[in-house]
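Open the model in a viewer and follow the stops below in order. Each stop names a selection and then says what is there.

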Amino acid sequence: MKTISQLYDQFYAKQKQGDTLQAKWQAKANTVAEIFNVRRPVVKVSYRKDAHAKYFGGTRTLRISENNWGGIEDAFHHEIAHHIVRERFGRAKSHGKEFKRIIWDVVCKCYSDPRQYKWNYDYKAVGKYAEKKISKLPCKALMVI
Ligand SMILES: [Zn+2]
(Lines give C-alpha, C1' and ligand atoms only; values in the text may rest on other atoms or scores of the structure.)
Protein backbone atom coordinates (compact mmCIF):
# COMPACT_ATOMS: atom_id res chain seq x y z
CA MET A 1 0.00 0.00 0.00
CA LYS A 2 1.36 3.38 -1.02
CA THR A 3 1.40 6.39 1.30
CA ILE A 4 -0.31 9.62 0.26
CA SER A 5 3.11 11.15 -0.21
CA GLN A 6 4.18 8.34 -2.57
CA LEU A 7 0.95 8.66 -4.51
CA TYR A 8 1.44 12.40 -4.77
CA ASP A 9 5.04 11.96 -6.00
CA GLN A 10 3.84 9.43 -8.53
CA PHE A 11 1.04 11.69 -9.70
CA TYR A 12 3.31 14.71 -9.87
CA ALA A 13 5.94 12.83 -11.85
CA LYS A 14 3.25 11.73 -14.29
CA GLN A 15 1.88 15.26 -14.48
CA LYS A 16 5.30 16.66 -15.30
CA GLN A 17 5.87 13.92 -17.83
CA GLY A 18 2.42 14.62 -19.21
CA ASP A 19 3.14 18.30 -19.56
CA THR A 20 6.35 17.59 -21.45
CA LEU A 21 4.67 15.08 -23.73
CA GLN A 22 1.76 17.41 -24.27
CA ALA A 23 4.09 20.28 -25.12
CA LYS A 24 6.01 18.04 -27.52
CA TRP A 25 2.92 16.82 -29.35
CA GLN A 26 1.30 20.26 -29.35
CA ALA A 27 4.43 21.65 -31.00
CA LYS A 28 4.31 18.87 -33.58
CA ALA A 29 0.59 19.50 -34.18
CA ASN A 30 1.25 23.20 -34.72
CA THR A 31 3.94 22.34 -37.26
CA VAL A 32 1.72 19.88 -39.15
CA ALA A 33 -1.17 22.39 -39.10
CA GLU A 34 1.06 25.04 -40.60
CA ILE A 35 2.34 22.73 -43.34
CA PHE A 36 -1.21 21.67 -44.24
CA ASN A 37 -2.48 25.22 -43.91
CA VAL A 38 -5.24 24.45 -41.39
CA ARG A 39 -6.06 25.83 -37.93
CA ARG A 40 -4.12 24.39 -35.02
CA PRO A 41 -5.78 21.58 -33.09
CA VAL A 42 -5.51 21.19 -29.31
CA VAL A 43 -3.58 18.11 -28.17
CA LYS A 44 -4.48 16.27 -24.97
CA VAL A 45 -2.32 13.40 -23.79
CA SER A 46 -4.33 10.94 -21.71
CA TYR A 47 -2.92 8.48 -19.20
CA ARG A 48 -6.13 6.59 -18.61
CA LYS A 49 -5.70 2.92 -19.38
CA ASP A 50 -8.98 2.82 -21.28
CA ALA A 51 -8.37 6.02 -23.24
CA HIS A 52 -8.10 5.41 -26.94
CA ALA A 53 -7.05 8.05 -29.40
CA LYS A 54 -9.86 10.15 -30.75
CA TYR A 55 -10.47 13.38 -32.63
CA PHE A 56 -13.19 15.71 -31.38
CA GLY A 57 -14.11 17.90 -34.34
CA GLY A 58 -16.31 20.31 -32.37
CA THR A 59 -13.41 21.46 -30.20
CA ARG A 60 -10.62 20.57 -32.68
CA THR A 61 -9.05 18.36 -30.00
CA LEU A 62 -6.82 15.35 -30.54
CA ARG A 63 -6.79 12.95 -27.64
CA ILE A 64 -3.78 10.66 -27.80
CA SER A 65 -2.53 8.00 -25.44
CA GLU A 66 0.44 5.70 -25.11
CA ASN A 67 -1.99 2.86 -24.61
CA ASN A 68 -3.05 3.04 -28.20
CA TRP A 69 -2.80 0.35 -30.88
CA GLY A 70 0.19 1.69 -32.78
CA GLY A 71 1.73 3.69 -29.94
CA ILE A 72 1.39 7.40 -29.37
CA GLU A 73 3.19 8.47 -32.55
CA ASP A 74 0.99 6.57 -34.99
CA ALA A 75 -2.10 7.55 -32.98
CA PHE A 76 -1.11 11.22 -33.24
CA HIS A 77 -0.70 11.06 -37.01
CA HIS A 78 -3.97 9.18 -37.47
CA GLU A 79 -5.88 11.72 -35.39
CA ILE A 80 -4.29 14.79 -36.92
CA ALA A 81 -5.25 13.40 -40.34
CA HIS A 82 -8.88 13.48 -39.08
CA HIS A 83 -8.35 17.10 -38.07
CA ILE A 84 -7.00 18.07 -41.50
CA VAL A 85 -9.87 16.26 -43.24
CA ARG A 86 -12.40 18.05 -41.03
CA GLU A 87 -10.79 21.43 -41.67
CA ARG A 88 -10.63 20.91 -45.44
CA PHE A 89 -13.72 18.89 -46.22
CA GLY A 90 -16.05 19.31 -43.24
CA ARG A 91 -17.83 16.14 -42.18
CA ALA A 92 -16.32 13.66 -44.63
CA LYS A 93 -16.68 9.91 -44.18
CA SER A 94 -14.57 8.84 -41.19
CA HIS A 95 -11.97 6.70 -43.00
CA GLY A 96 -13.04 7.44 -46.56
CA LYS A 97 -11.12 8.60 -49.64
CA GLU A 98 -10.28 12.07 -48.28
CA PHE A 99 -8.92 10.55 -45.08
CA LYS A 100 -6.80 7.98 -46.91
CA ARG A 101 -5.23 10.64 -49.12
CA ILE A 102 -4.54 12.95 -46.19
CA ILE A 103 -3.10 10.35 -43.82
CA TRP A 104 -0.78 9.11 -46.56
CA ASP A 105 0.38 12.68 -47.13
CA VAL A 106 0.81 13.28 -43.39
CA VAL A 107 2.85 10.11 -42.94
CA CYS A 108 5.02 10.89 -46.00
CA LYS A 109 5.81 14.32 -44.56
CA CYS A 110 6.29 13.29 -40.92
CA TYR A 111 8.11 9.94 -41.11
CA SER A 112 11.48 9.47 -42.77
CA ASP A 113 9.95 6.41 -44.46
CA PRO A 114 6.16 5.93 -44.72
CA ARG A 115 6.63 2.20 -44.07
CA GLN A 116 7.45 3.08 -40.45
CA TYR A 117 3.78 3.80 -39.77
CA LYS A 118 2.02 0.60 -38.63
CA TRP A 119 -0.48 0.48 -41.50
CA ASN A 120 -1.55 -3.05 -40.62
CA TYR A 121 -2.88 -1.77 -37.26
CA ASP A 122 -4.94 0.95 -38.92
CA TYR A 123 -8.37 0.47 -40.50
CA LYS A 124 -8.28 -2.20 -43.19
CA ALA A 125 -9.22 0.14 -46.05
CA VAL A 126 -6.55 2.63 -44.94
CA GLY A 127 -3.95 -0.13 -44.77
CA LYS A 128 -4.86 -1.36 -48.25
CA TYR A 129 -4.61 2.15 -49.69
CA ALA A 130 -1.14 2.57 -48.12
CA GLU A 131 -0.04 -0.85 -49.38
CA LYS A 132 -0.72 0.27 -52.95
CA LYS A 133 1.17 3.52 -52.41
CA ILE A 134 4.09 1.69 -50.80
CA SER A 135 4.39 -0.56 -53.83
CA LYS A 136 4.99 2.59 -55.90
CA LEU A 137 7.66 4.08 -53.64
CA PRO A 138 9.77 6.20 -53.54
CA CYS A 139 7.13 8.87 -53.22
CA LYS A 140 8.02 12.38 -54.23
CA ALA A 141 6.18 13.87 -51.27
CA LEU A 142 8.82 12.70 -48.79
CA MET A 143 9.80 15.63 -46.58
CA VAL A 144 10.76 14.97 -42.99
CA ILE A 145 9.64 17.44 -40.34
ZN1 LIG B 1 -9.85 7.25 -37.29
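The expected span of a helix is 1.5 Å times one less than its number of residues. Keep that in mind for the opening stop, and note that this is a predicted model.

Select residues 71-89, which make up helix H2. From its first C-alpha to its last, this helix of 19 residues reaches 27 Å, close to the 27 Å expected at 1.5 Å a residue. Step on to Gly 90, just after H2, where phi is positive at about 75°.

Next, show the sheet. It is open and has three strands, in the order E1-E3-E2, with mixed pairing. At the edges are strand E1 (42-46) and strand E2 (54-56), each of which pairs on one side only. Direction ignored, neighbouring strands are turned by 20° against each other on average.

Select E1 together with strand E3 (residues 61-65): the two run parallel and are joined by five bridges. Two places to label are Val 45, which stands opposite Ile 64 in E3, and Ser 46, whose bridge partner in E3 is Ser 65.

Now bring H2 back into view over the sheet. H2 packs on the sheet and touches E2 and E3. The direction of H2 makes about 165° with that of E3.

Hide E1 and keep E2 and E3. Their pairing is antiparallel, over three bridges. In one pair to pick out, Tyr 55 has Leu 62 in E3 as its bridge partner. The two strands form a hairpin with four residues between them. End at Arg 60 in the turn, which has a positive phi of about 50°.

How values were computed: Residues numbered from 1 in each chain as written. Predicted model: local features only at pLDDT ≥ 70, side-chain atom pairs only at ≥ 80, totals over all residues. Pairing = 2+ DSSP bridges. Axes fitted to C-alpha atoms, helices over the stretch in contact; angles between N-to-C directions. Contact = placed C-beta atoms within 7 Å.
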